[in-house]
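Here are my notes for your first read-through. Keep the viewer open and look up each residue as you reach it.

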Amino acid sequence: MADTNLYPVSEAIAASAHITKDEYETLYQESISSPETFWAAKAEEFLTWDKKWDKVREFDFVKGEARWFDGGKLNVSANCIDRHLAERGDQVAIIWEGDDPSDDLKVTYKEVHEQVCKLANVLKTRGVKKGDRVCIYMPMIPEAAYAMLACARVGAIHSIVFGGFSPEALKDRIQDSDCQVVITADEGVRGGRKIPLKANADTAVAQCPGVSTVLVVKRTGGDVAWDESHDVWYHDAMAEASADCAPEPMDAEDPLFILYTSGSTGKPKGVLHTTGGYLLQAAMTHKYVFDYQDGEVYWCTADVGWVTGHSYIVYGPMANGAITLMFEGVPTYPTAARCWEVVDKHDVSIFYTAPTAIRALMGQGDEFVTQTSRKTLRILGTVGEPINPEAWDWYYKVVGDSRCPIMDTWWQTETGAHMLTPLPGAIALKPGSATLPFFGVEPVLLDGDGKEVVGAGEGSLAIKSSWPSQIRTVFGDHNRLVQTYFSTYPGYYFTGDGARRDEDGYFWITGRVDDVINVSGHRMGTAEVESALVLHEKVSEAAVVGYPHDIKGQGIYAYITLMVGEEPSDELKKELVALCVKEIGPIAKPDVIQWAPGLPKTRSGKIMRRILRKIAANEVDALGDTSTLADPTVVDDLIDNRENKG
Ligand code: WTA
């Protein structure tokens, strides 16, 4: 099965690639057998250090500790901006493409430098110092990148909250990391619709006494409420700020950012990344995985609110002095041709997106693609979820005209950068496989007993040794880090994903083995959605599972048990959906709600999710053993009344 579809490395690409097949093999071996030598050389090659490190790496997977380039000093904003000025100050750094196709902007490295220095000074004026936390709740506009880099410049830790999250979710995140400044905009614009970011921030900040400044970028000029005690117009503050700001020298292990992500249980965790190792792996993967060549226009369609936007819109590309395209809109606005029109308009060479976007566009028909040229495209990429062979094929043949290799990159918020991925000039492709490990990454598959699977086989995907951009801690709760990632299989980092390895050593991700679901590439804990649903006074219990969804990859399927005496109704369904939107955001809307008079539980009261997943997926003939259930008849009722019979 694995080898039916092998796409060899294109000779045209290999001819000029940064890494060829032989180089990959030699360097990968070296990265595993002599990690210190390998990474020291790469750290010199990719980054500019104010002071060299004392020790390349140190880690302890029992305690969940990792330190890279300890004793070294560098500043991320200096690495992403200042050091490029002499050679490429007048080169474009950011191409901004607005939601409206007539709106765009090009910003050079020199201009980015000026904006970031000014904003860094604004932050200082507002009392922000090294180690302080700043929340960024922004649309996809260049100011979002300036905000990130300005934090890095003064040594503040940014925590970006995706603009699609609700005020409630924003409040939780501001409180958890105790942010004192929030940077936002009056409104965001996506697909012709406005998103009331400032109003959302107002609701959140009303419950966050620790916030002393809300800096507001004027994006639309829409009406906003104003609280003189902490609201400040970005442009007013910038007009008064000096463009002179020396970067704060940071230790390699000083925190760079916190990014909240969902797990199996509880509220989202603040994943903490640090400075040196993170930037190195982000830069190195950006250059090698996309085979980025000087002067090329590179476009990652993610939002900066997700880790992909952090590593592959801002930090990786800018550390490499690349031209990075930032898109405010959505792939289907004004039409499903938008992405390809943008590719032609800006001569994009590298295009990186999520399978869910590919499936959505595929459903709109080929003409939207074929009416454009796309002749500048050289490399394609995907991230976020397994890509089904049909979507891969369409992406390869229709979008890439069978000319552009697809980099299927597997990684996580916690890994900070690519972990399993092809390299364009080195690794032959198999549709649906993230192929082989990146340099320095030691993936293993663990069986039910926690033993390493040798050769071809299947198991839980874990990582055996530290990599530079590894998560360092869960903000404020290191024990949670150890419990979540380092205790299931002692001595290993456990990813939460299952995977298969074929005879060629290629990895095939089979999806999460925990209660995390992946909806349109957005990662969500089923427990978070359940917590929102049970807030409704008529709900007694809620169980949420993922189920296969044609476009989203996974949809949200919620089983709801009502309080005694309450009646199901369509009205109530609407209220429950609204509750999820309020508590989390529109991305958490259940696709299906099924009324469940009872849930399948073991005699000890544990909900058997395996059964709920099967019913949601309409795989009712394969329920497996139900004899351990306290009341097996509840299953029959759920099957009879299932919503997905297609
Ligand atoms: C999934 C996104 C299959 C996986 C960068 C992982 C993938 C989770 C792939 C992390 C891929 C990511 N193939 N599955 N190429 N990339 N995933 O933290 O389940 O938002 O654990 O990071 O997405 O999601 P996160």
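Where is aspartate 347 found? Keep that one in mind; point 1 picks it up.

1. **An odd backbone angle.** Aspartate 347 sits in the loop between H13 and strand S18 (348-353). Have a look at its backbone: phi is positive there, about 55°, although the residue is not a glycine. Bear in mind that this is a predicted model.

2. **A cis peptide bond.** Go next to the loop that runs between strand S17 (323-327) and helix H13 (338-346), where you'll find proline 334. The peptide bond leading from tyrosine 333 into proline 334 is cis, and its omega is near -5°.

3. **Who surrounds the ligand.** Now for the ligand, which has 17 residues around it. Asp408, Thr409, Thr413, Asp497 and Arg523 are the closest. Sorted by class, the shell is made up of six nonpolar, six polar and five charged residues. Helix H12 (307-319), strand S20 (406-409) and strand S25 (507-512) are worth colouring in, as each gives the shell at least two residues.

4. **Polar atoms by the ligand.** Which distances should you check here? Try aspartate 497, which has a polar side-chain atom 2.5 Å from an oxygen atom of the ligand. For aspartate 408, a polar side-chain atom is 2.7 Å from a ligand nitrogen atom. Proline 386 takes part through its backbone, with an N or O atom 3.5 Å from a nitrogen atom of the ligand. As for cover, the ligand on its own has 520 Å² of accessible area, and the protein covers 95% of that.

5. **Two domains.** Zoom out and you can split the protein into domain 1 (11-330 + 410-500) and domain 2 (520-641). Notice that domain 1 is written as two stretches of sequence. Between the C-alpha centres of the two domains there are 34 Å. Their contact draws 17 residues from domain 1 and 13 residues from domain 2.

6. **What the domains bury.** Together, domain 1 and domain 2 bury about 1,000 Å² between them, and 46% of that is on carbon and sulfur atoms. Which residues of domain 1 lose the most area to domain 2? They are Glu168, Ser262 and Trp306, which together account for 39% of what the domain 1 side buries.

Notes:
Residues numbered from 1 in each chain as written. Predicted model: local features only at pLDDT ≥ 70, side-chain atom pairs only at ≥ 80, totals over all residues. Heavy atoms only, no water. Near = heavy atom within 4 Å. Polar contact = N/O pair within 3.5 Å; in protein donor to acceptor, adjacent residues only side chain to side chain. Areas by Shrake-Rupley, 256 points an atom, 1.4 Å probe, with all protein chains shown as cover. Helix = DSSP H or I, 4+ residues; strand = E, 2+ residues; numbered from the N terminus. Nonpolar A, V, L, I, M, F, W, Y, C, P; charged D, E, K, R; others polar. Domains from an automatic or database assignment. Contact = heavy atoms within 4.5 Å. Buried area = accessible area lost by both parts, 1.4 Å probe.
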